[in-house]
Amino acid sequence: ISCSTAISACRTGGEWMQALAILRDMTCGGLETDALTWSAAMAACGMASEWRQALELLYVAMHNGAKLDASIISIAIEACGKSSVWKQGLK
């Protein structure tokens with residue numbers, strides 16, 4: 001839970017690249033990621049208008065076996081909407 005909390009703090013502080021670095025370290029280090037981890041990282045990207053990164057995280061989360069629900073997909077779509085590319089989020 002502490003890594004997810006750190007990623008959420010990065011979102012609040014506008015440090016989306018740091019959020020991605022923490023997530024990368026988790027996955028490379030063999031630490032377990034869950035829906036909360038992925039959604040926090042996607043939200044950090046969305047807050048910074050990095051919609052491509054948010055969609056990439058959604059794709060990677062799916063391929064890493066994360067249990068995706070409507071709220072996670074909504075975060076990715078919201079990231080696209082903040083950048084006025086909401087149609088990309090629907091693909």
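In the protein chain, 53% of the contacts (heavy atoms within 4.5 Å) with a separation of 6 or more join residues 24 or more positions apart. The model is predicted, with local features requiring pLDDT of at least 70 and side-chain atom pairs counted only at pLDDT 80 or more, whereas totals for chains, interfaces and linings use all residues. Residues are numbered from 1 along each chain as its sequence is written, and side-chain values use heavy atoms, with hydrogens and water left out.

The protein chain contains 6 helices and 0 strands, taken as DSSP runs of H or I with at least four residues and of E with at least two, respectively, and numbered from the N terminus. The order of elements from the N terminus is α-α-α-α-α-α. Of the 91 residues, 34% are buried, that is, under 20% relative accessible area with a 1.4 Å probe, protein chains only. About 5400 Å² of the chain is exposed, 55% of it supplied by carbon and sulfur atoms; these areas come from the Shrake-Rupley method with a 1.4 Å probe.

The largest nonpolar core (buried Ala, Val, Leu, Ile, Met, Phe, Trp, Tyr and Cys residues joined through side-chain atoms within 4.5 Å) comprises 22 residues, and Ile-7, Leu-23, Trp-38, Met-42, Cys-45 and Leu-57 have the most contacts inside it. At least two residues of this core come from each of helix 1, helix 2 (16-28), helix 3 (35-47), helix 4 (51-63) and helix 5 (70-82). Beyond four places in sequence, Met-42 touches Ala-54, Leu-57, Leu-58, Ile-72, Ile-75 and Ala-76.

Ser-4 lies in helix 1 (residues 2-13) and counts as buried because its relative accessibility is 6%. Not counting residues up to four places away in sequence, Ser-4 touches Asp-34, Leu-36, Thr-37 and Ala-40.

Definitions and conventions:
Buried means under 20% relative accessible area, exposed over 50%, partly exposed in between (1.4 Å probe, protein chains only).
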